[in-house]
Amino acid sequence: MGSSSNTTTTTTSGGDKDKDKGKGDSPSFKEGDRVLAYHGPLLYEAKVQRIENLDDDWRYFVHYLGWNKNWDEWVANDRLLKLTEENVRKQQELEKNQVVDKTIKSGRSMQHKPKGSNADAKADKDDTKSLVKGKKRKSQPGTEEKERRSSESLLVSQFPLTLKKQLVDDWEFVTQLGKLVKLPRSPTVDDILKKYLEHRTKKDNKINDSYAEILKGLRCYFDKALPTMLLYKKEREQYAEEVKGDVSPSTVYGAEHLLRLFVKLPELLAFVNMEEDALNKLQQKLLDILKFLQKNQSSFFLSVYDGVKIK
């Protein structure tokens, strides 16, 4: 999941009633309840494991079903909805607004739904964390192993917390406030990757060919993935205006969209034919790049999207 534990203010039909019950003597949910929980822009099926009352506000410790326990967190009442048909439909609506890669090397659609969740149908051509009410599609050979590799990814378990919050803020600016990142960005993705290579070269006291190769691959993949995987629906018109001819997205977009790529990487890497040891080493290098983004978060990322506003 590419988002932080910060409370979002999004509500749904059927959700306002739950939100109003956030305070008072009685909690809206009890231990063991299955719920839908906001995590960034989307809803995930979760299970309430513990509850507590803090300063007259109930909060709930939830586990996202099918996800590594590292994602477990305390959330406020306004992050939770009852698991009803109406709220499941809202979950579907939210997912349809997400931009996903329709195909992976194997031809399967990109999936970001927590496996094992009630609405996790993994149907082809559905959007992020596709919901199909009812039975799950039977797993194809090797699918379970790939899902395990994705859920146990180091990129998932060690994703920096401050960057998770950055993802949530990014989502809220675009989808809730109707604002876009002003383009071209400075520094661009290309600039950031060059700065990282300089950082590694200085740290290692030599040019590290393996890092250089990874950065080259990231840049190439970002350019190809941006229009199909990394844009919200509201950003597509801006993309068409800014990226024309031979212009590469990596010379126009910045850290905000680069970070979105890192959210996609765990499941993409799960489908790469690579030995476990080599895959872990690759993930360690990618984590190092993430930490570099975190270290330079104030200079690489916008704190407010005050550029283009969507009408």
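Start by selecting Glu45, which is buried, with a relative accessible area of 2%; buried here means under 20% relative accessible area, exposed over 50%, and partly exposed in between, using a 1.4 Å probe and protein chains only. Before you go further, note that this is a predicted model, in which local features need pLDDT of at least 70, side-chain atom pairs count only at pLDDT 80 or more, and totals for chains, interfaces and linings use all residues. Residues are numbered from 1 along each chain as its sequence is written, and side-chain values use heavy atoms, with hydrogens and water left out.

**Stop 1: around Glu45**

Glu45 belongs to strand S2, residues 42-54. Helices (H or I, at least four residues) and strands (E, at least two) are DSSP runs, numbered from the N terminus. Now add Arg34 to your selection: its side chain and that of Glu45 are joined by a polar contact of 3.5 Å. A polar contact is a pair of N or O atoms within 3.5 Å; within protein, one must be able to donate a hydrogen and the other to accept it, and residues adjacent in sequence count only if both atoms are side-chain atoms.

Next, pick Leu80 in strand S5, residues 80-82. Leu80 is buried, at 1% relative accessible area. Draw a C-alpha to C-alpha distance from Leu80 to Glu45 and you should get 9.7 Å, for two residues 35 apart in sequence.

**Stop 2: the whole chain**

Zoom out for a moment. The chain has 11 helices and 5 strands, and 50% of its 311 residues count as buried. Among contacts between residues at least 6 apart in sequence, 70% join residues at least 24 apart, where contact means heavy atoms within 4.5 Å.

**Stop 3: the nonpolar cores**

Which residues touch the most other members of the largest nonpolar core? Select Leu218, Tyr253, Leu258, Phe262, Leu286, Leu290 and Leu293, out of 49 residues in that core. Helices H4 (154-157), H5 (161-176), H6 (189-204), H7 (209-229), H9 (255-269) and H10 (276-295) are the elements giving two or more residues to this core. Apart from it lies another core, of 22 residues, including Tyr44, Val48, Tyr60 and Tyr64. A nonpolar core is a set of buried Ala, Val, Leu, Ile, Met, Phe, Trp, Tyr and Cys residues joined through side-chain atoms within 4.5 Å. In soluble globular proteins, nonpolar side chains tend to be buried together.

Centre on Leu218. Leaving aside neighbours within four places in sequence, Leu218 is in contact with Leu193, Leu261, Phe262, Leu265, Leu286 and Ile289. From that list, step to Leu261, in helix H9. Leu261 is buried, with a relative accessible area of 0%. Not counting residues up to four places away in sequence, Leu261 touches Leu218, Tyr221, Phe222, Ala225 and Leu230. The C-alpha atoms of Leu261 and Phe222 are 7.0 Å apart in space, with their places 39 residues apart in sequence.

**Stop 4: H5 against H9**

Show H5 and H9 together. Their axes are 10 Å apart and the helices pack at an angle of about 115 degrees; axes are lines fitted to C-alpha atoms, for helices over the stretch in contact, and angles run from 0 to 180 degrees between N-to-C directions. From H5, select Leu163, Gln166, Leu167, Asp170 and Val174, and from H9 select Glu256, Leu259, Arg260 and Val263, to display the contact. These residues divide into 5 nonpolar, 1 polar and 3 charged. Ala, Val, Leu, Ile, Met, Phe, Trp, Tyr, Cys and Pro count as nonpolar, Asp, Glu, Lys and Arg as charged, and the others, Gly among them, as polar.

**Stop 5: Glu235**

Move to the loop between H7 and helix H8 (236-242), where you will find Glu235. Is Glu235 buried or exposed? Glu235 is buried, with a relative accessible area of 0%. Leaving aside neighbours within four places in sequence, Glu235 is in contact with Val174, Leu180, Leu230, His257 and Arg260. Its side chain makes a polar contact of 3.1 Å with the side chain of His257. The C-alpha atoms of Glu235 and Leu180 are separated by 7.0 Å, at 55 residues apart along the chain.

**Stop 6: backbone details**

Finish with the loops. Between H5 and H6, find Pro184 and Pro187. The peptide bond from Leu183 to Pro184 is cis, with omega near 0 degrees, and the bond from Ser186 to Pro187 is cis, again with omega near 0 degrees. Then select Asn205, in the loop between H6 and H7. Asn205 is not a glycine, yet has a positive phi of about 65 degrees. Asn205 is exposed, with a relative accessible area of 71%.
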